[in-house]
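Please look over the sequence and structure below. The briefing that follows covers one strand with its neighbours and one helix contact.

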Amino acid sequence: QLIPVTGARISDPDSLWTHILDWMDAPASRSTSIAKTSSVGTEGKLSGTLGIAVLAGISGEGSANLERGTESSEEESRERHGMTQVVREIGNSPYVVLIDDYHYMRRDVQSEVAKQIKEAARLGVKFCTASVPHRADDVVRSNPELRGRIRAIDVGYWTRDDLAKIPETGFSHLNATISKSTVDAFTRETSGSPQLMQAVCLQACFELGLREEASTRRSLDPNDNEARGILRETATRTDFSTLVADLHSGPKTRGTERKEFVLFDGSAGDVYRTVLMAIAHDPVRLSFPYNELYNRIQAVSPYDVPQAASIYQACSQMAQIAEARSPTERIVEWDEERSVLEIVDPYLLFYLRWSTKLDSMARA
């Protein structure tokens, strides 16, 4: 009873209803044939013996009605009727339309779709929209009249306490315990992603020689070098090398070369490298309001800081580069209205922090 539609496939409001009708397997058009029969009657006087086969053997005088019939047909073609047809088919029924990745739609399309959702919901169609946490209010922002008419259900990133249950449960099955400080470090670096935490724990097993259930209870307490090695090796499983190279280069320049800045690690780079270094800096975060991002840029570029306009432009361009590289995903986003840079995929942040990619592109 769930009708799934992804926001990436909705290019205009009409396409929403098209995809719903496609799921229903509704024909693109229907033809109906209408047959019509007409008759013409005459009255005449009969006399003598009639030679018509039907009336054979009848003689005498009298009258009869004679009729002639004609037949014709007409074809009536009906196209799909979008929202009207969807309302007719599933209005006030148990079916629910799920618009997954609602935030993938362009802002202008979101606004028009939200208006039609409001009208269809009034007529009995049920909707559920799914978005990443930082875009959860997109449906209301695109049509404020929906405020108070919807219910938000937050299923965001995992908390650190939730993530900690993965190593606690997993290592106990291997007859081992792992130190709290190590678990705390792992939960901090995995940014709410249970899949990433599982990858880190798997690599920890490889690094610490725990391939099967231990015969005696083992206590695992990797030192700092071992813990960093675990995180670095895990980063090889989260390869964003091409995207990071594109983000680091930024769009092609025309004319004047970009200004370079000397960074805290001794390397030099333009505003794009500076922003990436700021994202990878401590503490671990996925969301960067402009003020927070600026403070981080000051930390990684202590001698000179890019101008605000340059930072804004770099954030916008980086989001566009990420979308061009992976059009069906959202990895980096720049919310111009709120001036917030979002790293949507925790794997990218992990890669920036623990791979050697940024170091390999450094210019001394």
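**Strand 12 and a helix pair**

Strand 12 (residues 340-343) is covered on both faces, with Val340 and Glu342 on one side and Leu341 and Ile343 on the other, all of them buried (under 20% relative accessible area, 1.4 Å probe, protein chains only). In a regular strand the side chains alternate between the two faces of the sheet. This is a predicted model, in which local features need pLDDT of at least 70 and side-chain atom pairs count only at pLDDT 80 or more, while totals for chains, interfaces and linings use all residues. Residues are numbered from 1 along each chain as its sequence is written, and side-chain values use heavy atoms, without hydrogens and water.

**Partners of strand 12**

- Strand 10 (residues 287-289) pairs with strand 12 in the antiparallel sense over three bridges (pairing requires at least two DSSP bridges).
- Ser287 has Glu342 as its bridge partner in strand 12.
- Strand 11 (residues 332-335) also pairs antiparallel with strand 12, over four bridges.
- Glu342 of strand 12 stands opposite Glu333.
- The hairpin of strand 11 and strand 12 has four residues between the strands, and Ser339 takes a positive phi near 55° there.

**Helix 1 and helix 2**

- The axes (lines fitted to C-alpha atoms over the stretch in contact) of helix 1 (residues 13-23) and helix 2 (residues 82-90) come within 8 Å and cross at roughly 40°.
- The contact (heavy atoms within 4.5 Å) involves Trp17, Ile20 and Leu21 of helix 1 and Gly82, Met83, Gln85 and Val86 of helix 2.
- Its residues divide into five nonpolar, two polar and no charged, with Gly counted as polar.

Terms used
Axes are lines fitted to C-alpha atoms, for helices over the stretch in contact, and angles run from 0 to 180 degrees between N-to-C directions. Helices (H or I, at least four residues) and strands (E, at least two) are DSSP runs, numbered from the N terminus. Buried means under 20% relative accessible area, exposed over 50%, partly exposed in between (1.4 Å probe, protein chains only).
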